[in-house]
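Student: I have a model open and I'd like to understand the words people use for it. Can we go through some?

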2 protein chains.
Amino acid sequence: MFTVAVDVMGGDLGPRVAFQACKKFLKSRPDVHLIVAVTQDFADEAESFFASRKSRVRILPCETQISMQDKPAQMLRQGLKSTMAAVLREHQQGRAQGILSVGNTGALMVLARHLLGTLPGMDRPALATLLPTRQKPLLMLDLGANLGVSADQLVQFACIGAAWSKVQCAAAPRLGLLNVGRESTKGTDNVRQAAEQLQRIMPDYYVGFYEGDDLYRGELDVLITDGFAGNIALKASEGLSEWLSEQLHSEFRNTWFLRWLSFLWAPAIARIERRISPARHGGALLLGLDGVVVKTHGKSNERAYRHALEYLLQKVERFDKPRLLAELNRLQNH
Amino acid sequence: MFTVAVDVMGGDLGPRVAFQACKKFLKSRPDVHLIVAVTQDFADEAESFFASRKSRVRILPCETQISMQDKPAQMLRQGLKSTMAAVLREHQQGRAQGILSVGNTGALMVLARHLLGTLPGMDRPALATLLPTRQKPLLMLDLGANLGVSADQLVQFACIGAAWSKVQCAAAPRLGLLNVGRESTKGTDNVRQAAEQLQRIMPDYYVGFYEGDDLYRGELDVLITDGFAGNIALKASEGLSEWLSEQLHSEFRNTWFLRWLSFLWAPAIARIERRISPARHGGALLLGLDGVVVKTHGKSNERAYRHALEYLLQKVERFDKPRLLAELNRLQNH
């Protein structure tokens, strides 16, 4: 039996898409309980929406919510009464084994770090996601939570990324560092210094520099970068895949004959879209925290929400803190 | 009548693909003369290969070539006798109106800066390319020539990018700054400081922060970023578009019926590939130099070479130095 807490406020489409997603999720997973944090004005609606699942849903009414415009620096003064802080507190106090939020990433970083704390040796958590590739999924971090990153921080990200991957996948991860070239002379000082440290710390995991066009090859388990480049690479890919989808649909509906044969090609295109769609891989993890924190995109629709819930539950099921700490400790003290 | 100089050494596929591309290019453009720089060991082969076009091709034998492994720092000692330096000198001394190189980008930066010099107010040239988008092509810079970039340098890139776009397209460009969010509070200090300066310097051109997923929207003419993020965003897009092509071909050849109908869908897929393929947009410009310098990818095949030659010629035809300098001066002294 698992319990996860969901902050449904702060998304672009409002909390109702999250309610729908939660209901379907409860139906598909009879072993799960949910804690749903809402602002007062949605409390009654939430109570009646989940009335039929009362035994497995607890509604948590809160004073405020975090908006996309709120500055992370104000969080510790104004954010502690928010839905976001409420779900984090449920997790911190052991009433939930993981949390999902759709809100402001910067705020989630600050509040999660304050309420849950970071794991030993981790200055700040990193935002990570599993990217679809030709072969196995790629755990990529950081994706925008840390913009100006030192060599030491890149190494910290590598340690938590490798430890997490090791515990989740039970195999030695292949870890790369994102750079503008594969040669050891390429890149910024930070990236080159981090590479030197990684060669020493995790010679069994670290396999060298990887470039942007290696992202989708599927040769790696973990890819480390700073939040600025990571965020832009990921979003550029999302933008391109959306444009390609549009082009495929318009090209294939361009002639009456192809339109008429859509039963033949539409499934092929749908398979490709499913394979590459970021919505199916909608959840991002905040790694380095003492807990399981998943963030879903502000634009998340019902489907993206459900994927994020499933993703959170998968991470909660496989979360093994003693093993994670042991592996992290081993890497940090190499 | 135009003359351009081509450094054919240093590409992954050797100089012969470049010879073929040059020959076809000469055939399609009877108004063009070429200067082809080769190392001594290819001089005879080049002479006989271009024997039938002798009146329009001059072979320039050189002592050495730049390799991908050469460090940019050594260029000013060892690189001046190379094919790359030779074509730059032809341009500098007015015997060629532009140059194309397939070699090491770092070396090209150093040699071009040394031999041609930079335009007033430009510390270093930036690597730029025209990216295909939903609407008009996007001039994006820098793409990897400058990794650690200050706010002032981002502003310099914006000035040369905007001036170049204005002169080439004869319309007021819409210029954006790549960032992790659209809000003014987002991003690194450098990016935010550059944004403040751009609002003051070019209020008529600068339209704000743009994110990675805006790259392919087609709303902008010029997008400014540092070389690290720019390189990774561009290559991530290339990697994804390659993978998508592969998936399309394999999905559509998966069933005998779709295979049999390939005459119907293959042209649609080919059109999409042509639209997004980086090979068709194979040339990158070094902007900020006192000259027209195009760099093509180390992996360039014959087709990519020809596109790069056509691209170079288009830039040479439209290069209007007095107007470029006037516009650059106007922006710098705002």
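Here is a short talk about how two chains meet, and about one peptide bond in each.

Tutor: This is a predicted model, where local features need pLDDT of at least 70 and side-chain atom pairs count only at pLDDT 80 or more, while totals for chains, interfaces and linings use all residues. Residues are numbered from 1 along each chain, chains are lettered from A, and side-chain values use heavy atoms, without hydrogens and water.

Student: What makes R271(B) and E251(A) a salt bridge?

Tutor: The rule wants a side-chain nitrogen of Lys or Arg within 4 Å of a carboxyl oxygen of Asp or Glu. The closest N and O atoms of R271(B) and E251(A) are 2.8 Å apart, so the pair fits the rule. Between chain A and chain B the count is eight salt bridges.

Student: Which helix of chain A gives the largest share of the side that touches chain B?

Tutor: Helix 8, with 20 residues; helices here are DSSP runs of H or I with at least four residues, and strands are runs of E with at least two, numbered from the N terminus.

Student: How many residues are in contact across the two chains?

Tutor: 51 of chain A with 51 of chain B, contact being heavy atoms within 4.5 Å.

Student: What makes the bond between L141(A) and D142(A) cis?

Tutor: Its omega is about 0°. Most peptide bonds are trans. D142(A) sits in the loop between strand 6 (138-141) and helix 6 (151-169) of chain A. In chain B, L141(B) and D142(B) are also joined by a cis peptide bond, with omega about 0°.
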